Amino acid sequence: VLGPRRLGSLVLAALSAYRTSSKTNFHITAITRHDHLITLSKKMGADVALDLRVTSIDTLKSQFDIVYDTTSTPSGFLSAIEISKRELHLKTTNGQTMG
């Protein structure tokens with residue numbers, strides 16, 4: 001989950017709940033640039049929270065099977081494309097075109 005603020009936190013919680021209820025084993029990663037979101041992400045069910053202030057997006061290229069981009073920014077969307085291996089879900093509430 002790229003951008004685990006309000007919407008991203010809900011996605012994390014939903015993924016965690018689904019993993020538990022379905023007894024499916026998958027890894028949940030949150031990707032952010034903020035200390036408080038690292039802590040929140042782990043509370044909401046992320047196994048790992050990556051800090052983009054210390055981890056380059058370039059090192060994450062094609063690393064994730066499914067990416068949920070909840071950043072609501074064009075740069076976040078471009079990053080999500082780079083790190084997604086097979087599937088990308090754009091989740092936004094800002095109403096902007098993501099050309």
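**Exercise 1. Where is the place of Ser-79?** Work out its burial and its contacts too.

*Solution.* Before starting, note that this is a predicted model: local features need pLDDT of at least 70, side-chain atom pairs count only at pLDDT 80 or more, and totals for chains, interfaces and linings use all residues. Residues are numbered from 1 along each chain as its sequence is written, and side-chain values use heavy atoms, with hydrogens and water left out.

Step 1: Ser-79 sits in helix α3. Helices (H or I, at least four residues) and strands (E, at least two) are DSSP runs, numbered from the N terminus.

Step 2: Ser-79 counts as buried because its relative accessibility is 15%. Here buried means under 20% relative accessible area, exposed over 50%, and partly exposed in between (1.4 Å probe, protein chains only).

Step 3: Setting aside residues up to four places away in sequence, Ser-79 touches Leu-2 and Ile-57. Contact means heavy atoms within 4.5 Å.

**Exercise 2. Describe the two sides of α3 and name elements that cover its buried residues.**

*Solution.* Step 1: List the buried residues of α3, which are Gly-76, Phe-77, Ser-79, Ala-80 and Ile-83. They span an arc of only 160° around the axis, so they fall on the same side of α3. The arc is that of the directions from the helix axis to the C-beta atoms.

Step 2: Turn to the face pointing away from that buried side, where the exposed residues Ser-75 and Leu-78 are found.

Step 3: Look at the cover over the buried residues of α3: it includes β1, β3 and β4.

**Exercise 3. Is Thr-29 buried or exposed, and which residues is it in contact with?**

*Solution.* Step 1: Place Thr-29 in strand β1.

Step 2: Check its accessibility: at 9%, Thr-29 counts as buried.

Step 3: Leave aside neighbours within four places in sequence, and the contacts of Thr-29 are Val-1, Val-48, Leu-50 and Phe-64.

**Exercise 4. Analyse the salt bridges of Arg-19 and Arg-53.**

*Solution.* Step 1: Start with the principle: side chains of opposite charge can pair when their charged atoms come close. A salt bridge is a side-chain nitrogen of Lys or Arg within 4 Å of a carboxyl oxygen of Asp or Glu. The structure holds 6 of them.

Step 2: Take Arg-19 and Asp-47, whose closest N and O atoms are 2.7 Å apart. Arg-19 belongs to helix α1 (residues 6-22) and Asp-47 to the loop between α2 (35-43) and β2 (48-51), so this pair ties together parts that are 28 residues apart in sequence. Arg-19 is buried, with a relative accessible area of 17%, while Asp-47 is partly exposed at 36% relative accessibility.

Step 3: Move to Arg-53 and Asp-35, where the closest N and O atoms of the salt bridge are 2.5 Å apart. This pair links distant parts of the chain, 18 residues apart, with Arg-53 in the loop between β2 and β3 and Asp-35 in helix α2. Arg-53 is partly exposed, at 44% relative accessibility, and Asp-35 is exposed, at 52%.

Step 4: Add the salt bridge between Arg-53 and Asp-51, with closest N and O atoms 2.7 Å apart. Asp-51 counts as buried, at 12% relative accessibility.

Step 5: Put these together: Asp-35, Asp-51 and Arg-53 are linked in a network of salt bridges.

**Exercise 5. What is the volume of the second largest pocket, and which elements supply the lining of the largest pocket with at least two residues each?**

*Solution.* Step 1: Set the terms. On a 1 Å grid over the protein atoms alone, a pocket is an open set of points where a 1.4 Å probe fits, with protein on both sides within 12 Å along at least five of seven lines; lining residues have an atom within 4 Å of a point. Grid points are joined across faces, edges and corners, and a volume is the space filled by probe spheres set on the points.

Step 2: For the largest pocket, the space is about 390 Å³. Its lining has 16 residues, with Phe-26, His-27, Ile-28, Asp-65 and Ile-66 nearest its centre. β1 (29-32), β3 (64-69) and β4 (84-90) each supply at least two lining residues, and β3 provides the largest share, 5 residues.

Step 3: The second largest pocket has a volume of about 300 Å³. Gly-3, Arg-33, His-34, Thr-71 and Thr-73 lie nearest the centre of this pocket, which is lined by 16 residues. Elements giving two or more residues to this lining are β1 and α3 (74-83), and α3 gives the most, with 3 residues.
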